[in-house]
Amino acid sequence: MSVQQKNKTKTLIGQAQSFRYSLIASLLFCGFSAFAQTEQIAVKGQVTDVTGKPVANAKIHVHGRQQFVYTNKNGEFQLSAPVGAEIHVAAKGFGDSFTKASTDPVAVQLTAGGIERISVSATGLHHYDLEMATPVNVLTGDSLERHRAPTIGETLKMQPGVHSNYYGPVAASPVIRGLDGPRVKMLSNGLDTGDVSRIGPDHSITADAITTEQIEVLRGPSTLLYGSGAIGGVVNIVDNRIPRQLRAPQTTIDASFNDVASEKSYALNHDGANEQFAWHFDAMDRKSDDFEVPTFTNDEGETASELHNTWLDNSAFNVGASLVKDNGLIGFSYGHIANQYGIPGHHHHEEEVTAEPVVEEVGVFADMEQDRFGLTGELYNPIKGIEQLNFSSAYTDYQHAEIEDGIPGTSFTNKTFEARLTAEHEDIANWHGLVGLHHQTSDFAAIGEEAFTPASKTNSLALFVLEERSFGDVKAQLGTRIERTRHSIDELTVSDELTIFDADTSLNAMSASAGFVWNFQPGFNWTANISHSSRVPSASEIYANGLHLATSSYELGAAYQIAEDGELELAASKPQREVANNLDIGFHKINGDLTFSYNFFYNRINDYLYQTDTGFTMEDLHHHEEDGDEGAHAHEDYVVYQYQQNDVDMYGMEFSLTYRLNQQHQLQAFADSVRIELRDGGNLPRVSPVKFGVEYQYEVADWQFVAGATRYAAQNRIAAEETATPGYTLLDVSVNYEFALDSVDLTAYLRGNNLTNELAYVHTSFLKEDVPLPGRALSLGLTARF
């Protein structure tokens with residue numbers, strides 16, 4: 001048996017064992033549920049406003065669980081809950097309310113104004129967004145539908161503290177407080193998406209907002225639950241693929257057309273239940289041509305009004321089912337994604353000029369597929385002292401090939417398994433919290449011209465604890481995590497003369513935080529959070545060694561050093577953990593017609609890992625002078641960028657305000673700013689500019705009108721070899737009309753983006769001079785619910 005075959009066999013065995021452990025754990029949940037008994041009661045009630053008018057579509061949520069129902073058109077609801085459980089009631093345009101589960105009918109009256117509390121599933125302890133010491137954005141409901149875009153980065157870019165690393169309309173990841181890539185964890189229902197979007201900016205995220213219920217953004221270090229890859233923040237994309245509640249069958253269908261790229265999108269979402277069995281199905285399909293832009297001149301002097309090679313052909317579906325009982329649930333899901341999209345900015349080998357007829361060039365495109373299996377179990381009050389046991393796991397098989405001239409060039413594969421087990425305990429000396437185990441493995445490989453990082457296996461195991469306690473008007477939130485991560489590489493080619501077998505890097509990381517929420521008077525609070533976080537560098541940051549066309553560079557990891565003659569060698573010292581000490585302070589007003597939120601942060605990061613210009617080009621590297629790779633020589637003028645470590649300071653602010661003039665009129669404003677400086681002088685590249693904006697909403701009868709303007713300031717604080725980026729303003733408008741046909745509720749919508757057709761370059765993009773934002777875009781759509 002060859003070495004490759006042996007490695008493949010070991011990988012398959014490891015994946016089978018991981019999934020077997022996941023299955024065994026879930027079966028144990030089923031076994032426990034046969035003995036665990038929790039007294040449940042049927043809670044019935046009605047939600048009205050202060051005039052007694054029923055409030056439809058109010059969300060009724062049992063605190064401490066991810067189960068909820070919505071009120072019908074008469075404001076009525078029914079659900080099961082433990083005796084005395086806290087019931088949270090929230091609705092758009094109203095301040096929320098709390099009540100207790102009782103056998104008597106519950107009457108809830110909501111007052112207009114205030115901020116609706118939203119349960120954030122990514123927090124671990126069922127916090128509402130207004131009760132967290134860590135800053136959070138939650139995009140849901142009408143706001144999510146209004147900002148929906150083909151990529152998660154573009155969907156979230158209007159949120160305070162969030163920007164996009166825009167690689168054209170085809171791939172864009174969120175930038176949180178100036179950080180992206182391996183420092184921002186991308187999650188699907190609390191578990192890693194399992195794609196390779198954090199390795200290269202031209203790799204798309206395997207999630208789509210079109211079938212999503214809400215998107216949660218934790219700004220700042222979130223390593224306690226999610227590991228060292230979340231030192232910059234977390235984006236959690238939440239859907240209902242594993243149903244957690246029994247609800248009457250409901251179906252949503254959406255169809256839309258966007259003229260800026262002749263984009264056609266379709267989505268279907270269906271949930272239902274029968275007795276104790278719940279199911280879910282969703283599917284989407286999106287196709288577009290190349291995107292139109294305001295006329296511009298790229299860095300090669302070419303004039304264009306269309307972004308070449310930015311077409312999309314995306315489809316996906318998810319199916320899931322759960323057994324939901326009063327004392328717990330177990331659920332399974334399967335999802336499949338098949339995406340093809342053009343990759344802008346890939347200037348591959350120059351073709352020899354001939355007398356043959358000119359044939360229109362087909363650009364390089366990505367052909368991506370992913371299969372994802374999920375298994376989840378929840379058990380309520382299984383034994384004395386334990387309120388809830390939670391188990392979640394996912395196995396993901398990801399692959400994509402970059403196709404040039406009909407032939408696969410570079411291929412990427414990533415097989416991951418992740419599992420998390422938590423036990424939430426009852427109060428101990430008035431402290432309430434949980435303890436958990438988190439395990440994750442990945443098997444990554446890249447083959448082809450753009451395989452700039454070697455095949456690697458990563459294994460991590462962590463133990464974490466979260467606790468909270470109230471001291472009068474002050475709630476304290478504490479946590480700690482210990483993590484061990486190992487990167488293994490079977491074969492590491494340093495140069496033509498040096499190949500290393502079985503290269504391993506193992507590092508420990510420890511994180512801790514202390515947060516406080518002080519409700520010093522009704523409707524106002526101060527928040528503070530101090531955290532110490534560690535990040536283990538990713539395998540690509542350590543071992544990258546190759547051409548990266550997406551960034552028009554040659555990338556070298558921190559494991560190497562370049563000799564004076566251009567020969568590559570292993571570095572004398574190993575890369576260290578990034579260590580961040582972060583302070584967040586917030587001031588919030590959450591009641592009344594005027595609400596606002598201020599957040600200020602300072603983050604001091606030691607051994608920050610970033611790319612810097614080495615002064616060498618590919619032509620200078622000996623192993624590219626001597627090999628026969630024509631593709632490499634075609635890009636011999638590319639600069640060699642290497643990961644190095646330095647100390648940096650980050651600081652900034654975020655602000656949001658909502659002023660409800662009356663039932664029909666509402667104003668919103670927001671702003672954010674971040675500075676990232678090397679402690680020994682200088683700036684980091686691609687740092688987000690200052691952003692601020694305003695939005696006006698008007699609602700009357702069945703109509704809703706929203707108009708907003710967002711200003712991105714010029715970015716002149718730049719790194720060496722980086723160019724400044726001019727500012728720009730985006731004007732967006734949305735109009736919705738709701739009506740009904742028989743038993744079908746319909747919403748027709750018209751949306752306009754960048755209505756002034758402004759030429760806008762994104763400073764955080766690797767392709768800012770070649771790929772401006774799309775021009776004026778009009779979207780027309782229809783949503784049906786029945």
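# Exercises on a predicted structure

Setting aside neighbours within four places in sequence, glutamate 555 is in contact with Phe452, Ala544, Asn545, Gly546, His548, Gln611, Tyr641 and Tyr643. The model is predicted. The exercises start from this residue.

## Exercise 1. Glutamate 555

Find the strand that holds glutamate 555, decide whether glutamate 555 is buried or exposed, and state which side chain makes a polar contact with the side chain of glutamate 555.

Solution.

1. Locate the residue: glutamate 555 is part of strand β31, which covers residues 553–556.
2. Check the surroundings: glutamate 555 is buried, yet it has no salt bridge.
3. Look for an opposite charge: the nearest such side chain belongs to arginine 686, at 9.0 Å. A salt bridge requires a nitrogen-to-oxygen distance within 4 Å.
4. Look for a polar partner: the side chain of glutamine 611 makes a polar contact with that of glutamate 555, at 3.3 Å. Gln611 is also among the contacts listed at the start.

## Exercise 2. Glutamate 578

Which backbone nitrogen does the side chain of glutamate 578 reach, and which residues is glutamate 578 in contact with beyond its neighbours within four places in sequence?

Solution.

1. Strand β34 spans residues 578–589 and contains glutamate 578.
2. Glutamate 578 has a relative accessibility of 1%, so it counts as buried.
3. The side chain of glutamate 578 comes to 2.8 Å from the backbone nitrogen of leucine 609.
4. Apart from neighbours within four places in sequence, the contacts of glutamate 578 are Arg183, Ile231, Ser533, Ser534, Arg535, Ile605, Asn606, Asp607, Tyr608 and Leu609.
5. One of these, aspartate 607, lies 29 residues from glutamate 578 along the chain, with 5.1 Å between the two C-alpha atoms.

## Exercise 3. Strand β5 and its partners

How many residues of strand β5 are buried, and how many bridges join β5 to strand β2 and to strand β6?

Solution.

1. Strand β5 covers residues 86–90, and 4 of its 5 residues are buried, so the rest of the structure largely encloses it.
2. On the β2 side (residues 59–62), 4 bridges join the strands, which run antiparallel. Here lysine 59 has alanine 90 of β5 as its bridge partner.
3. On the β6 side (residues 97–100), the pairing is again antiparallel, over 4 bridges. Here valine 89 stands opposite serine 97.
4. β5 and β6 form a hairpin with 6 residues between them, and glycine 93 in the turn has a positive phi of about 90 degrees.

## Exercise 4. An open sheet

Give the order of the 5 strands in the open sheet that includes β13 and β14, and name the edge strands.

Solution.

1. The order is β8-β13-β14-β11-β12, with mixed pairing.
2. The edge strands, β8 (136–140) and β12 (191–192), each pair on one side only.
3. Within the sheet, β13 (residues 214–219) and β14 (residues 233–238) run antiparallel and are joined by 6 bridges. Leucine 218 stands opposite valine 234 of β14.

## Exercise 5. Salt bridges

How many salt bridges does a search of the whole structure find, and are glutamate 654 and arginine 177 buried or exposed?

Solution.

1. The search finds 28 salt bridges.
2. In one of them, the side chains of glutamate 654 and arginine 177 meet at 2.7 Å, N to O. This pair links distant parts of the chain: glutamate 654 is in strand β36 (residues 639–660), and arginine 177 is in the loop between β10 (174–176) and β11 (184–188), 477 residues apart.
3. Glutamate 654 and arginine 177 are both buried.
4. Arginine 535 and glutamate 541 also form a salt bridge, at 2.9 Å, N to O. Arginine 535 is buried at 1% relative accessibility, and glutamate 541 is buried at 3%.
5. Through shared partners, salt bridges join Arg177, Arg219, Asp584 and Glu654 into one network.
6. The salt bridge between aspartate 285 and lysine 287 has an N to O distance of 3.1 Å. Aspartate 285 is partly exposed at 23%, and lysine 287 is partly exposed at 40%.

Note on methods:
Residues numbered from 1 in each chain as written. Predicted model: local features only at pLDDT ≥ 70, side-chain atom pairs only at ≥ 80, totals over all residues. Heavy atoms only, no water. Helix = DSSP H or I, 4+ residues; strand = E, 2+ residues; numbered from the N terminus. Buried < 20%, exposed > 50% of the residue type's maximum accessible area, 1.4 Å probe, protein only. Lys, Arg positive; Asp, Glu negative; His and termini not counted. Polar contact = N/O pair within 3.5 Å; in protein donor to acceptor, adjacent residues only side chain to side chain. Contact = heavy atoms within 4.5 Å. Pairing = 2+ DSSP bridges.
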